[in-house]
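Please open the structure in a viewer and keep the selection tool at hand. The stops below say what to select next and what is there.

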Amino acid sequence: MTVAMGLGLGALIGVLLGLLGGGGSILAVPALVYGMNLGVQEAIPMSLVVVATASAVGALPKIRARQIRWRMAAIFAAAGIPGSIVGSTLSRHLPDSALLIGFAVVMVVAGIRMLADQSNTGTACEVREGRVNWRRCAPRSLGAGLAVGLLTGLFGVGGGFLIIPALVVVLGVEMSTAIGTSLLIIVANSIAGLFSHLNGVSLDWSITAAFVGAAMLASLVAGYFGTKIDTARLQRWFAYLVFAVAAYVLVDTIVLR
């Protein structure tokens, strides 16, 4: 029954990942906590497995298309990996209620970012002929990378809803390249956070494999058949769903417990 539930919830998360190209994984932790009755400390590393695997799969076509800023991804990861380890350590010492409330806040921020206009591009890093002004770009990348890594370790989220705006609006990276670069950063942060979490938590790997396998298969199928769907409208409705789940988490944690 538990494995079957993992398959069903994993497929649901995978469909959202395939249709939206990211963001769907933010519902992984609530799905595991409320759908499978797992503790937050078990749900976060399981979510990180989904986030890392999904991001790695999504990054492959971007690598082939050369839509990656490798040096920028390395700078983000250099700050994000230590941040993810620190976040994982903090997570193990916080009560589940604090983690759930914090996660609900992150979900609200993610929903707002999904509804925001991300068409604007900054100029902090871009100079003539597409060259990067690393003197201005590197410090901003390190700060943003540290913040995203901390969130990844704390709550088991990839942080793409923060990385992409940072790359596009703050650092001036074009959107197509920002998406691919973001996916690589998420993979690095998620793996670091996962190994840090596994030091203190024992996962049920049969459930994890069912959840992750179903998510990946559903993501690929949804991505193939979802090309005709209005993703902008779908993302708006998904943002409203994220708000609803965040509200439920807050009410359940603060009022009902």
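The tour moves from annotated segments to loops, then to aromatic pairs, single residues and a surface patch. Keep in mind throughout that this is a predicted model.

**Stop 1: the annotated segments**

Start by colouring the ranges that UniProt lists, in an unreviewed entry, as "transmembrane region": residues 44–60, 72–91, 97–116, 144–171, 177–195, 207–225 and 237–256. Two of these ranges are taken up here. Select residues 72–91: the chain is 100% helix and 0% strand over this range, and its end C-alpha atoms are 27 Å apart. Now select residues 144–171, where the chain is 82% helix and 0% strand and the end C-alpha atoms are 10 Å apart.

**Stop 2: two loop residues with positive phi**

Go to the loop between helix 2 (28–35) and helix 3 (40–64), and pick out N37. The phi of N37 is positive, about 60 degrees, although this residue is not a glycine. Is N37 buried or exposed? N37 is exposed, since its relative accessible area is 69% and the limit for that class is over 50%.

Follow helix 3 into the loop that leads to helix 4 (70–93), and select R66 there. R66, which is not glycine either, has a positive phi near 60 degrees. With a relative accessible area of 78%, R66 is exposed.

**Stop 3: aromatic pairs**

The structure holds 3 aromatic pairs; two of them are visited below. A pair of aromatic rings is described by the distance of the centres and the angle of the planes.

Select F103 and F155 and show their side chains. The ring centres are 6.3 Å apart and the planes stand at 70 degrees, so this pair is edge-to-face. Which helices hold the two rings? F103 belongs to helix 5 and F155 to helix 6 (residues 134–155), so the pair ties together parts that are 52 residues apart in sequence. F103 is buried at a relative accessible area of 3%, and F155 also counts as buried, at 8%.

Next, select W237 and Y240. These two residues form an aromatic pair with 5.7 Å from centre to centre and 90 degrees between the planes, which is edge-to-face. Both sit in helix 10, and because they are 3 residues apart, about one helical turn separates them. W237 counts as exposed at 59% relative accessibility, whereas Y240 is partly exposed at 42%.

**Stop 4: S182 in helix 8**

Move to helix 8 (residues 175–198) and select S182. S182 counts as buried, with 2% relative accessibility. To see what is around S182, add G160, I163, I164 and L167 to the selection: these are its contacts once neighbours within four places in sequence are left aside.

**Stop 5: T253 in helix 10**

Return to helix 10 and select T253. T253 is buried, as its relative accessible area is 8% and the class covers values under 20%. Which residues does T253 touch, not counting those up to four places away in sequence? They are Y34, S97, L100 and I101. Draw a distance between the C-alpha atoms of T253 and S97: the two are 6.0 Å apart in space and 156 residues apart in sequence.

**Stop 6: L217 in helix 9**

Select L217, which is placed in helix 9 (residues 205–225). At 57% relative accessibility, L217 counts as exposed. Add G10 and draw the C-alpha distance: L217 and G10 are separated by 9.2 Å, while their positions lie 207 residues apart along the chain.

**Stop 7: a nonpolar surface patch**

Finish with a surface view and select I101, V105, V109, V251, I254 and V255, which form a nonpolar patch with about 480 Å² of accessible area together. Which elements give two or more residues to the nonpolar patch? They are helix 5 (96–115) and helix 10 (231–256). One member to look at is I254, which has its place in helix 10. I254 is exposed, with a relative accessible area of 53%. Another member, I101, was already met at Stop 5, among the residues that T253 touches.

Notes
Residues numbered from 1 in each chain as written. Predicted model: local features only at pLDDT ≥ 70, side-chain atom pairs only at ≥ 80, totals over all residues. Heavy atoms only, no water. Patch = residues over 30% accessible without salt bridge, like charges linked within 9 Å, V, L, I, M, F, W, Y side chains within 5 Å. Areas by Shrake-Rupley, 256 points an atom, 1.4 Å probe, with all protein chains shown as cover. Salt bridge = Lys/Arg side-chain N within 4 Å of Asp/Glu carboxyl O. Helix = DSSP H or I, 4+ residues; strand = E, 2+ residues; numbered from the N terminus. Buried < 20%, exposed > 50% of the residue type's maximum accessible area, 1.4 Å probe, protein only. Phe/Tyr/Trp six-rings, centres within 6.5 Å; stacked < 30°, edge-to-face > 60°. UniProt positions renumbered as here; feature names shortened; annotations may be inferred. Contact = heavy atoms within 4.5 Å.
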